[in-house]
Amino acid sequence: MRDGSAARAATVSVEPALEERRLEKEHEALDEQWRTPPGFAGWLISTDHKSIAVRYIVTAFSFFILGGINAAIMRLQLARPDAHVVGPDLYNQLFTVHGSTMMFLFAVPVMTAFGLYFVPLMIGTRNVAFPRLNNYGYYVYLTGALLLWGAFLLNIGPDTGWFSYPPLSGPEFAPGKRVDIWAQMITFTEIAALVTAIQIIVTVFKQRAPGMSLGRMPLFVWAELVVAFMIVFAMPAVMLDSSYLAIDRLIGTHFFNPAEGGDVLLHQHLFWFFGHPEVYIIFIPALGMVSAIVETFARRPIFGHTAMVLSMIATGFVAFGLWVHHMFATSLPQLGEGFFTAASTMIAIPSGVQIFCWIATIWSGRPRLRVPMLWVIGFVILFVIGGLTGVMIASVPFDLQVHDTYFIVAHFHYVLIGGSVFPLFGAFYYWYPKLTGRMLSETLGKWNFWLFFIGFNVTFFPMHLLGLEGMPRRVYTYPASMGWGELNLLASIGAPIIVASVVVFLVNVWVSRRRGALAGENPWDAPTLEWATSSPPASYAFAHIPVVHGRTPLWDTRDELPVVTGLRSDCREVLVTDLLDAEPDHRYGQAGPSVWPFALAVATAVGIIASIFTPWGTPVGVVLATIALTGWVWPKGRERRELLAGERL
Amino acid sequence: MRAWRHGTAFPIALVAVGQHAQSALDPAGPQGDRFIGLWWLSLAISVAVFVLVVIALLVAALRRRHEPVAVEPVVAPEPAGERSLGRVVNAAVAVTVVLLFVWLVASVRTGRAYTSLRAAGSARAPVEVTITGHQWWWEIEYPDTNPSLRVTTANELHVPVGRPVVLKMTSTDVIHSFWAPNLGGKRDLIPGHVTTMWFQADTPGVYRAQCAEFCGYQHAHMALMVVAEPAGRFRAWLAAQRQPAAPPTDSLRARGERVFLGADCTLCHSIAGTPAGGRQGPDLTHVGSRLTLAAGTLPNTRRNLAGWIVDPQSTKPGSLMPQNPLGSEDLQALISYLEGLR
Amino acid sequence: MRTRAVLDVRDLPEHAFGHRAPLWWGTVGLALIEGTMFVLAMASYLYLRMDSRTWPPIRTPNPDLLIPTINLVVMLASVAPMVRADLLSRRGGSVGKIRLALVLATVLGLAALVLRWFEFDAFHVRWDTNAYGSIVWAILGLHMAEIFASVMEDVVFIVYTFRFPLDEKHRVDVSTSAVFWYFVVAIWIPLYVLLYFTPRLV
């Protein structure tokens, strides 16, 4: 670091009152540059990663509730044998839309949205690397979500399961537009996920605060980085796959038509090459959240920081070697089976390493059992169960019995709800003060936790047994003579307990928004940089970019934060640093709010939705997108004036 | 042997022939047995691991519980403590690796045992059966080099006990999956592919099997019965199935045959020995001998048969079988005819 | 929290080229995404091939070589002006020279698009004839879209240089767009070998 210039900056502070006024003016100038215009227009053109991330979180959570309502209706139908609450057509739509919603509209977006909000703050920068792209991503995601749910509410929702195997989803056995809607919903959400992934990778690589070498990065940032790379390598598979399916249906290609040389298993390979990493894309950010919470509430730096990082990276790699374990029942060569069994078993090791490190951290710290910590403890208990059943089904002979049964339904809900939703709730309680400036109620938080924990186990634990007793998944009803009635009824009793828990959560969020205790900058005395900003953070986040000397910057320097000076406050300037050691490299003026990302999202929507009905949708979309992109990059307003002024000089 | 737990008319009828609950925990063959071994091993390991982890977690979280202060001081880790902590964590990881390795070996050994049935079975003249999946029923064929000895039936798989069976399976529409939990494992039926599955039933009885891969509207009602019986009875059954349908001997059944041949039934169904040769639906040559109707959905009783013929959509909405509004006398004659096809 | 200034960055430059620039990393990320997609498309091609006794399938002749090979040469040639535009941008070369290089690259890119149109005919199969037709049309089409996007980006740059001065920021943009162009051409080499030579050789 350039120590010569540091001396010059340090001499600034002379008279406190004068200094304070100067700072105030500086903050005003920064806010002038960074704030989003108010009102509806601001909503359309915003480039603030915080407001976009909050929109993502609120939208994703709304779809969590909608997907949950689907699940509740399914539990109502299955509570009794031979029930007639819903028929097979609606039931098939219910579980397809439930699965697609939870995976594509809730889990992935909410996990990356937490990254979009907190990664820039935790690494000490003012915005993500491509702020306009961020806004585009959100609107593309929203369109995909509305497409799926609009169709479902019109009773033309997809009904072939969240992995839509052809030929069931092909042109012959799924006439109408239901599957096309599913395939294009995938296109929308994957574009959004890819945009977010690039965003996170580049922001983490190039905009870390000076001194935050890769080795000093918080574990949550590591988690988001690993996941961003996984998205880059996994999502193209499902985009390609859903495109094959869409054009098989639209223009008569034969990718999945065995009569003309196609192969239905090609879909399964491509889908699960994405689908298995997808599970870890949802799960790894949760690991980062758990690490952040454990560190703060155990009151000590995480034990085994490096081992944790390596574990997450290892998980990310091995996740791409497991896809075939979803296809054991399709008859594979034996050698392949052995490889995939071994890989599926060994992925338990990095998860084990992390669990042991958290326990070691808690053991040797001075743990405070606040609400975020309760969710973490619930997470470990449930995730260990889900992980153990995961190891069971890695075995081919074991999986051939329980594959496609309620045992699997139980397993993946333990992994996804226990492994991801529990940490997510914990993270929400942990970071809500930063998002809003107010604390959530601890009492309601405890109700929220215990109702969820009990309701979850009552609902999903019996499903293990149901699967072993022969109940396949995705059946809309079952005969009384099968003897599955009691356990199903028990599972259905758990559902309203979960609903009650979520209602308590919503009440807590609603009430605390106005009446919660004021949080201040750092209510938990946490060690990472997001807690060095005000709560909620100012539009520019940091008036001065911090300088980092360790892994727990706010614990390392308690009295005053070392910072950078010299960034311009008359434009949206961020500090670009180098990849490995975060040495300052250059300053970079970012683009401000613009309506063109929204226009591009509209062009994308027109193109993709039109493609459901006609092959001309694609060329029309391309033309519109070209216009929107040109508008996006074309200099306007201040940039135009400055460019032309520069020419005259 | 565990009978169906809920006594309605249906199970009682089937208990008579040794009906088993559809469950992986009630094995009736070498593969089902192997699975049970694997299941208990994994359960034992899992319970032990779970208990140890949860105890460690709870002790860690609760052991220093005391009056909360406003802000707990931060603990600075000391090198000696960290080292001993490191040793414990390393040991835990090592135990994990060992346990996973044990599991892997157990899994591979079980997989081998599954395969050995295939190897041994090939030598012992296995019973070969071809299964074709349809939305939403199973077409079952016993092939023979002599075409007149081939047997085609539906939704009921008869096998001799103690002898390996090899299923050669495919589908003509969407993907289905054959799963008989008591007999072990499942295998997909995939259009454009032929998959094989080996199994053996050691205990005589009736085992329910069900489609496990989501296949559309009536995935829930696509079951079949595996009837495992002593070799002699199996041979007798096969011989009977090879016969064409016996012509009706009384006037009621003769009228029933006329109803059948005169209505739309023949577009989809075959009855060997009559002009009916449709291939869309199940072969009905010996429908009267079967335990169930509509792919394991209803017990094969006179009343159910009538209901099914007149209004299949109320039992199995979305089924490809249309409603057949028949006059009462025609219906009774038809049912008598079909019941007599044994 | 009180702050203490320890580092002044006002002397740092406002732009940087190559891997120092965030935009460069964004472009590399895009290439990584598209590259993964093409690798998976190649895997699909080989997977479908496993199902067919002959390849191309029966009654479909081998693809022609002439136009596809000319097109490959055109695409490889287009890299030269792009490298020039890239280097000129980095070294502060004149707008005129940069524009000329971009025009040349665009002309070659447009030629590649036209030739690609005829390249579809080289396979003697339609997308809806069989799975072979489907996958080769898909690969050609996907790659055609990449060429189209690169050419459009170039056209926008050319029009820009007539209207505005080429400041440092836009020089970085030109230099970065060249990275994607290199990727589009480079990825075609394995695809070319796969589509035109593996049916003949293996």
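This briefing covers the chains, their contacts and selected local features of a predicted model.

Local features need pLDDT of at least 70, and side-chain atom pairs count only at pLDDT 80 or more, while totals for chains, interfaces and linings use all residues. Residues are numbered from 1 along each chain as its sequence is written, and chains are lettered from A and ligands numbered from 1 in the order in which they are written. Of the 2 pairs of chains that touch, A and B share the most contacts. Chain B and chain C have no contact.

**Chain A overall**

- Chain A has 21 helices and 3 strands. Helices (H or I, at least four residues) and strands (E, at least two) are DSSP runs, numbered from the N terminus.
- The radius of gyration of chain A is 25 Å, which agrees with the value near 26 Å for a compact globule of 649 residues. This radius is taken over C-alpha atoms, and the globule rule is 2.2 Å times the number of residues to the power 0.38.
- Along the principal axes, the C-alpha atoms of chain A fill a box of roughly 85 × 60 × 50 Å.
- Of the 649 residues of chain A, 65% are buried. A residue is buried if 20 or more other C-beta atoms lie within 10 Å of its own, exposed if 12 or fewer, and partly exposed in between, with C-beta atoms placed from the backbone.
- Take the contacts in chain A between residues at least 6 apart in sequence: 80% join residues at least 24 apart. Contact means that the C-beta atoms of two residues, placed from the backbone, lie within 7 Å.

**Interface of chains A and B**

- Chain A and chain B each put 74 residues into their contact.
- On the chain B side, helix 1 (9-15), helix 2 (30-62), helix 3 (79-123) and strand 7 (186-189) each give two or more residues.
- Helix 3 of chain B gives the most to that side, with 16 residues.
- By class, the chain B side has 44 nonpolar, 21 polar and 9 charged residues. Ala, Val, Leu, Ile, Met, Phe, Trp, Tyr, Cys and Pro count as nonpolar, Asp, Glu, Lys and Arg as charged, and the others, Gly among them, as polar.

**Interface of chains A and C**

- Here 63 residues of chain A touch 45 residues of chain C.
- The chain A side is made up of 37 nonpolar, 15 polar and 11 charged residues.
- Strand 1 of chain A (residues 560-565) pairs with strand 1 of chain C (residues 2-8), parallel, over 6 bridges. Pairing requires that DSSP finds at least two bridges between the strands.
- A:Val564 has C:Leu7 as its bridge partner in strand 1 of chain C.
- Between chain B and chain C, the closest C-alpha atoms lie 10 Å apart.

**The sheet in chain B**

- Chain B has an open sheet of 5 strands, in the order 4-10-9-6-7, with mixed pairing.
- Strand 4 and strand 7 of chain B are at the edges with a single partner strand each, so one side of each has no neighbour in the sheet.
- On average, neighbouring strands of this sheet are turned by 25° against each other, direction ignored.
- Strand 6 (residues 176-179) and strand 9 (residues 205-211) of chain B run antiparallel and are joined by 2 bridges. B:Phe178 stands opposite B:Cys211 of strand 9.
- Helix 4 (residues 231-242) of chain B lies across strand 4 and strand 10 (223-229), at about 135° to strand 4. Axes are lines fitted to C-alpha atoms, for helices over the stretch in contact, and angles run from 0 to 180 degrees between N-to-C directions.

**Helix 19 of chain A**

- Helix 19 (residues 596-610) of chain A has 15 residues, and its end C-alpha atoms are 21 Å apart, which agrees with the expected 21 Å at 1.5 Å a residue. The expected span is 1.5 Å times one less than the number of residues.
- Its buried residues include A:Trp596, A:Leu600, A:Gly607 and A:Ile608.
- Among the elements covering them are helix 6, helix 7 and helix 20 (617-633) of chain A.

**Backbone details**

- The A:Pro166 to A:Pro167 peptide bond is cis, with omega near 5°. A:Pro167 sits in the loop between helix 6 (131-153) and helix 7 (178-206) of chain A.
- A:Ser164 is found in the loop between helix 6 and helix 7 too. A:Ser164 is not a glycine, yet has a positive phi of about 35°. A:Ser164 is buried, with 25 other C-beta atoms within 10 Å.
- A second cis bond runs from A:Ser535 to A:Pro536, with omega near -10°.
- B:Asn155, in the loop between strand 3 (151-154) and strand 4 (156-160) of chain B, has a positive phi near 65°. B:Asn155 is buried, with 23 other C-beta atoms within 10 Å.
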